Amino acid sequence: MSKDIRVAATSKIWAFATGMLAICIPLSSVTRSGPILPLAAIAGAATGTYFVWRDDNKYKSLTNSDPKQLEQRIANLETIVSDREFELERKIKQLESKD
């Protein structure tokens, strides 16, 4: 089994696109829309596949991060969330939303 999540995402995109095509082809004759619905399904799947496979260094850096760096980031987030000022602001916002 491939570890690349892009393969799994592409597989699901095109599985759904195939299902949509199976529905769109009979609907296009009933609605008299011609090839618009099937072409829209194919275009949507192709666009989704493009965005899954495009080379984006921002996302690669997240998957290839050092475990120690990730632990430090989690520790920083825990510090921010457990800060008393953060909780006080959250309570104030809750009270304001009740009004």
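Trainee: Which residues of α2 are buried, and what makes them count as buried?

Mentor: In this predicted model, the buried residues of α2 are Pro38, Ala41, Ala45 and Thr49. Buried means under 20% relative accessible area, so Pro38, Ala41, Ala45 and Thr49 each fall below that cut-off.

Trainee: How do you know that the buried residues line one face of the helix?

Mentor: Look down the axis of α2: the buried residues fall within an arc of 65°, so they line one face. The general rule helps here: an α-helix has 3.6 residues a turn, so residues three or four places apart point the same way.

Trainee: What covers that buried side, and what sits on the face turned away from it?

Mentor: The cover includes α1, residues 5-31. The face turned away carries Ile36, Leu39 and Tyr50, which are exposed; exposed means over 50% relative accessible area.

Trainee: How do you know that the span of α2 agrees with its number of residues?

Mentor: Set the two values side by side. At 1.5 Å a residue, the 18 residues of α2 should span 26 Å, and the end C-alpha atoms are 26 Å apart, so the span agrees.

Trainee: Why is 36-53 called a transmembrane region?

Mentor: That name comes from UniProt, where an unreviewed entry places the feature at residues 12-30 and 36-53. In the model, residues 36-53 are 100% helix and 0% strand. Residues 12-30 are also 100% helix, with end C-alpha atoms 27 Å apart.

Trainee: And how many helices and strands does the protein have?

Mentor: Five helices and zero strands. Buried residues make up 9% of its 99 residues.

Definitions and conventions:
Residues are numbered from 1 along each chain as its sequence is written. This is a predicted model: local features need pLDDT of at least 70, side-chain atom pairs count only at pLDDT 80 or more; totals for chains, interfaces and linings use all residues. Side-chain values use heavy atoms; hydrogens and water are left out. UniProt positions are given in the numbering used here, feature names are shortened, and annotations may be inferred rather than shown by experiment. Helices (H or I, at least four residues) and strands (E, at least two) are DSSP runs, numbered from the N terminus. Buried means under 20% relative accessible area, exposed over 50%, partly exposed in between (1.4 Å probe, protein chains only). The expected span of a helix is 1.5 Å times one less than its number of residues. The arc is that of the directions from the helix axis to the C-beta atoms. Contact means heavy atoms within 4.5 Å.
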